[in-house]
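Reader: I am new to this structure and would like to go through it with you. May I put some short questions as we go?
Author: Certainly; please have the sequence and the structure in view.

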Amino acid sequence: MALTLCTCSMPSLLLLICSTNLICAFEMKSIYCKISDSCDCDFSPNMRGLEWDLYKNLYGQHLAQEIMSEAVSDFLRKDSPDRPLVLSFHGASGTGKSLVSSMLGRHLYGSAMGSPYIHQFVPTLHFPIPERVQLYRLHLKRWIEGNLTTCARSIFIFDEMEKMPLGLIDVLEPFLGPSHVVFQTNYRKAIYIFISTAGEEVINRVTLEARLSGREREEIRLQELEEGITQAVFNNTNSGLYHSRIISEKLITRYVPFLPLCHHHVERCARRDLCQRGECHRTDVAMAVANAMSYTPADGKHFSSTGCKMVPAKVNLYL
Ligand SMILES: Nc1ncnc2c1ncn2[C@@H]1O[C@H](COP(=O)(O)OP(=O)(O)OP(=O)(O)O)[C@@H](O)[C@H]1O
Ligand SMILES: [Mg+2]
């Protein structure tokens, strides 16, 4: 749902101004939900679908596949979770972070990012002026409260965390822990996703070391990366969570690392793109696209510097 930071997210206020039966019905429902704490909005999780999508359409990300499947199914198994699900995605540009967040939306709400219960925040759009951080904090808190009152199963996605004004995200701290039910609203059924490139250095370094030492990529374990990512996020002034209590109080349920993509992953992305255009047979184009990417480090050229991000543009060029 597009974010318009205004008090009209508050059900009672909207009730006063609702002008169509549809909106009134929606608001009556949210009031009922508020009182009974028993509605789950249009929440219709399809765990099998999510696992299949991750397995089939996300390339080269065994950790993200494993962690997401496990964390989401553990969370959904509980009717009354003891804390919200807080996921933090890390990795270089074009490695699949936004892709996975939209897969989650699609398999929990059946409507990709179009559901009114999925809220996506982009700092350059919603919080563009760092000097207004106090105001943004107030608005964001109200926005979260209002939407959790309407739908306890809301999903909040904070993209491009590295561009968040310093200190803004800390306002979420009371929502992320095992806090109580406030005003009959269960804050613990929500899902939060933070997305950033913070920690990419450590992820890329460990993946490179594994490759150079002849280890299988799939042998890389989260334990090798987690501490480095946490440190990078906590100590980097541009991570959106610099010195944040969200980190020090361990409110992140799972860190999800995205590894840098290799030539054959890019080729797969290109093949998929071509198939979507009805040009499945053009393996020559897929190969040309993968060859046309730039790879790092200079010595070895193992990983695509833009992941799969430039694939559609290059396919346009070579098709
Ligand atoms: N691991 C992957 N498997 C399959 N497709 C991928 C993968 N990574 C990226 N892509 C494709 O590349 C494009 C860019 O990916 P995505 O938007 O998820 O990147 P990102 O990690 O969010 O990057 P950024 O940090 O720049 O936002 C998408 O079209 C996505 O489908
Ligand atoms: Mg992204």
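Reader: Which residues of β4 are buried on each of the two faces?
Author: In this predicted model, Ile 191, Ile 193 and Ile 195 are buried on one side of β4, and Tyr 192, Phe 194 and Ser 196 are buried on the other. Both faces of the strand are thus covered.

Reader: How many residues of β4 are buried, then?
Author: The count is 6 of the 6, so β4 is largely enclosed by the rest of the structure.

Reader: Why do the residues fall into two groups like that?
Author: In a regular strand, side chains point alternately to one face of the sheet and to the other.

Reader: Where does β4 sit in the sheet?
Author: The sheet is open, with 5 strands in the order β2-β3-β4-β1-β5 and parallel pairing. β4 therefore stands between β3 and β1 in that order.

Reader: Which strands are at the edges?
Author: Those are β2 (118-121) and β5 (254-258). Each has a single partner strand, so one side of each has no neighbour in the sheet. From one strand to the next, the twist averages 15 degrees.

Reader: How many bridges join β1 to β4?
Author: There are 6 bridges between β1 and β4, which spans residues 191-196, and the two run parallel. Leu 85 stands opposite Ile 191 in β4, and Ser 88 has Phe 194 of β4 as its bridge partner.

Reader: And what is the bridge partner of Ser 88 in β5?
Author: In β5, Ser 88 is partnered by Tyr 255. β1 and β5 are joined by 5 bridges and run parallel.

Reader: Is β1 itself largely enclosed or left open, and why?
Author: β1 is largely enclosed by the rest of the structure, because 7 of its 7 residues are buried. Leu 85, Leu 87, Phe 89 and Gly 91 are buried on one side, with Val 86, Ser 88 and His 90 buried on the other.

Reader: Turning to β3, how many bridges join it to β4?
Author: 4 bridges join β3 to β4, and these strands run parallel. Phe 158 has Phe 194 of β4 as its bridge partner. Both faces of β3 are covered as well: Ile 155 and Ile 157 are buried on one side, Phe 156 and Phe 158 on the other.

Reader: What about β2 and β3, which residues stand opposite one another?
Author: Ile 118 stands opposite Ile 155 in β3, and His 119 stands opposite Phe 156. β2 is joined to β3 (residues 155-158) by 4 bridges, in parallel.

Reader: Which strands does helix α10 lie across?
Author: Helix α10 (residues 223-235) lies across β1 (85-91) and β5, and runs at about 100 degrees to β5.

Reader: Finally, how many helices and strands does the chain have?
Author: The chain has 14 helices and 7 strands. Of its 319 residues, 42% count as buried. Among contacts between residues at least 6 apart in sequence, 77% join residues at least 24 apart.

Notes: Residues are numbered from 1 along each chain as its sequence is written. Chains are lettered from A and ligands numbered from 1 in the order in which they are written. This is a predicted model: local features need pLDDT of at least 70, side-chain atom pairs count only at pLDDT 80 or more; totals for chains, interfaces and linings use all residues. Two strands pair if DSSP finds at least two bridges between them. Axes are lines fitted to C-alpha atoms, for helices over the stretch in contact, and angles run from 0 to 180 degrees between N-to-C directions. Two residues are in contact if their C-beta atoms, placed from the backbone, lie within 7 Å. A residue is buried if 20 or more other C-beta atoms lie within 10 Å of its own, exposed if 12 or fewer, and partly exposed in between; C-beta atoms are placed from the backbone.
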